[in-house]
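Got the viewer open? Here's a walk through the spaces inside this protein and the helices packed around them, one selection at a time.

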Amino acid sequence: MKIAKWKQSAKVKTFLGQSVLNTLLFLLASTMILPFIYIIMVSFTDESVYEAGKFILWPEKWSIQGYLYILRGPGFFNALKSSLFITIVGTPINVFTSAGVGYMLSRKTLPFRGFLNKFVMFTMLFSAGIIPGYINIFKLGLLDSWFACILPFACGAWTVMIMKTFFQSLPEELEEAAIIDGCSPGRIFLQIVIPLSKAMIATFTLFAMVSYWNAYFSAVLYITSTDKLPLQVFLQKIVLAADYADFVDLSIEEAKLVPEEVGKMTAIIISIIPVLCVYPFLQKHFAKGVMVGSVKG
């Protein structure tokens, strides 16, 4: 009888504890979700019913006029072209360079393997700084080039070390069998190691893609031509501008037709749509790949 009461009491305590935890998590999630919903709703609000400072969760009248205005003129499309080039070119360079270095460091036969591992770890803790980095880009002739936003981030030490840990977990017998069959190291890497690493590759592809798509600071430092600035810099100029018509190629009369806040929220939504479109295709690999290297034994 006492055991039954104790079990019932434990169930009640567990239920109450779980309810409190769920409530706290819901409130925490709301602080992140509601601002995003607000941005979406404002971007679709018709200019005739928009009121500045009013919190909107459902527009009284819907409109896509803000999107039509933002997409007009070359300003947005130049920025979009820059971001697409940086992302499409930079992502595979980053993933395959990091995977190659990680695989190299995972091989026990690599000469000076211990020193090279420590050297890579050292770069995780110390960096040269902004000025030496700028001088390096200048000496390489990459100023005002999209590759100034790509090459400095083509191989990250943290990514390399995570990939190295994963490659070390693969059975050595696979490589030995491939060598007996006459496979070269490059063929082993491309035809055996990479196919076994799909979850990890998909995860770091997503990380690299988001990083390159959000390229901002490197573009501000190294790119001087207005028509080469990526989308995030373009978005920053719109959000902070006193008159956003200057950046979306609208006349003053046309800009008055769309409230400034609606135009800014629209620009924010447009800038995150590509990442939202790609994420569902990589999400199934994300949960597995993000745990790569975290469990040993």
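## Starting at the largest cavity

Two helices, H7 (172-180) and H8 (185-193), each put at least two residues into the lining of the largest cavity. Keep in mind as you go that this is a predicted model. To see the whole lining, select Tyr103, Arg107, Phe167, Leu170, Pro171, Glu172, Leu174, Glu175, Ile188, Ile192, Val193 and Leu196. The space they surround has a volume of about 90 Å³. Colour the selection by class and you get nine nonpolar residues and three charged ones, with no polar residues.

## From the cavity to H3 and H8

Keep Tyr103, Ile188 and Val193 on screen, since they belong to that cavity lining, and bring up the rest of the H3-H8 contact. Here Ala99, Gly100 and Tyr103 of H3 meet Ile188, Phe189 and Val193 of H8. By class, that's five nonpolar residues, one polar and no charged. The two axes lie 12 Å apart, at an angle of about 110 degrees, which makes H3 roughly perpendicular to H8. The crossing is right-handed.

## Along H3 to H9

Now hide H8 and show H9. How near do the axes of H3 and H9 come, and at what angle do they cross? They come within 8 Å and cross at roughly 145 degrees, and this crossing is right-handed. On the H3 side, select Leu80, Ser83, Leu84, Ile86, Thr87, Gly90, Thr91, Asn94, Val95 and Ala99. On the H9 side, add Ile201, Phe204, Thr205, Ala208, Met209, Tyr212 and Trp213. This contact has 11 nonpolar and six polar residues, and no charged ones. Ala99 is worth a label: it touches H9 here and also takes part in the H3 contact with H8.

## H9 again, this time with H6

Leave H9 up and add H6. The pair packs at an angle of about 175 degrees with axes 12 Å apart, so H6 is roughly antiparallel to H9. From H6, pick Trp158, Thr159, Ile162, Met163, Phe166 and Phe167; from H9, pick Met200, Ile201, Phe204 and Phe207. Nine of these residues are nonpolar and one is polar, with no charged residue among them. Two things to spot: Phe167 also lines the largest cavity, while Ile201 and Phe204 also belong to the contact with H3.

## Into the largest pocket

Next, centre the view on Leu151, Pro152, Phe153, Ala154 and Cys155, which lie nearest the centre of the largest pocket, out of 37 lining residues. About 1100 Å³ of space lies in this pocket. Show H3 (74-106), H4 (113-125), H5 (130-139), H6 (157-169), H9 (198-213) and H10 (217-222), the elements that each give two or more residues to its lining. Which helix contributes the largest share? H9 does, with five residues. Colour the lining by class again and you'll find 27 nonpolar residues, 10 polar and no charged.

## Last stop: the second cavity

The structure holds two cavities of 30 Å³ or more, so one is left to visit. Select Phe76, Leu231, Phe234, Leu235, Ala267, Ile270 and Ser271 to see what lines the second largest cavity. Its volume is about 30 Å³. H11 (231-240) and H13 (260-289) each supply at least two of the lining residues. The lining divides into six nonpolar residues and one polar, with no charged residue.

Conventions:
Residues are numbered from 1 along each chain as its sequence is written. This is a predicted model: local features need pLDDT of at least 70, side-chain atom pairs count only at pLDDT 80 or more; totals for chains, interfaces and linings use all residues. Side-chain values use heavy atoms; hydrogens and water are left out. On a 1 Å grid over the protein atoms alone, a cavity is a set of points where a 1.4 Å probe fits but cannot get out, and a pocket is an open set with protein on both sides within 12 Å along at least five of seven lines; lining residues have an atom within 4 Å of a point. Grid points are joined across faces, edges and corners, and a volume is the space filled by probe spheres set on the points. Helices (H or I, at least four residues) and strands (E, at least two) are DSSP runs, numbered from the N terminus. Ala, Val, Leu, Ile, Met, Phe, Trp, Tyr, Cys and Pro count as nonpolar, Asp, Glu, Lys and Arg as charged, and the others, Gly among them, as polar. Axes are lines fitted to C-alpha atoms, for helices over the stretch in contact, and angles run from 0 to 180 degrees between N-to-C directions. A crossing is left-handed if the near helix is turned anticlockwise from the far one by less than a right angle, and right-handed if clockwise. Contact means heavy atoms within 4.5 Å. Angles under 35 degrees count as roughly parallel, over 145 as roughly antiparallel, 65 to 115 as roughly perpendicular and the rest as oblique.
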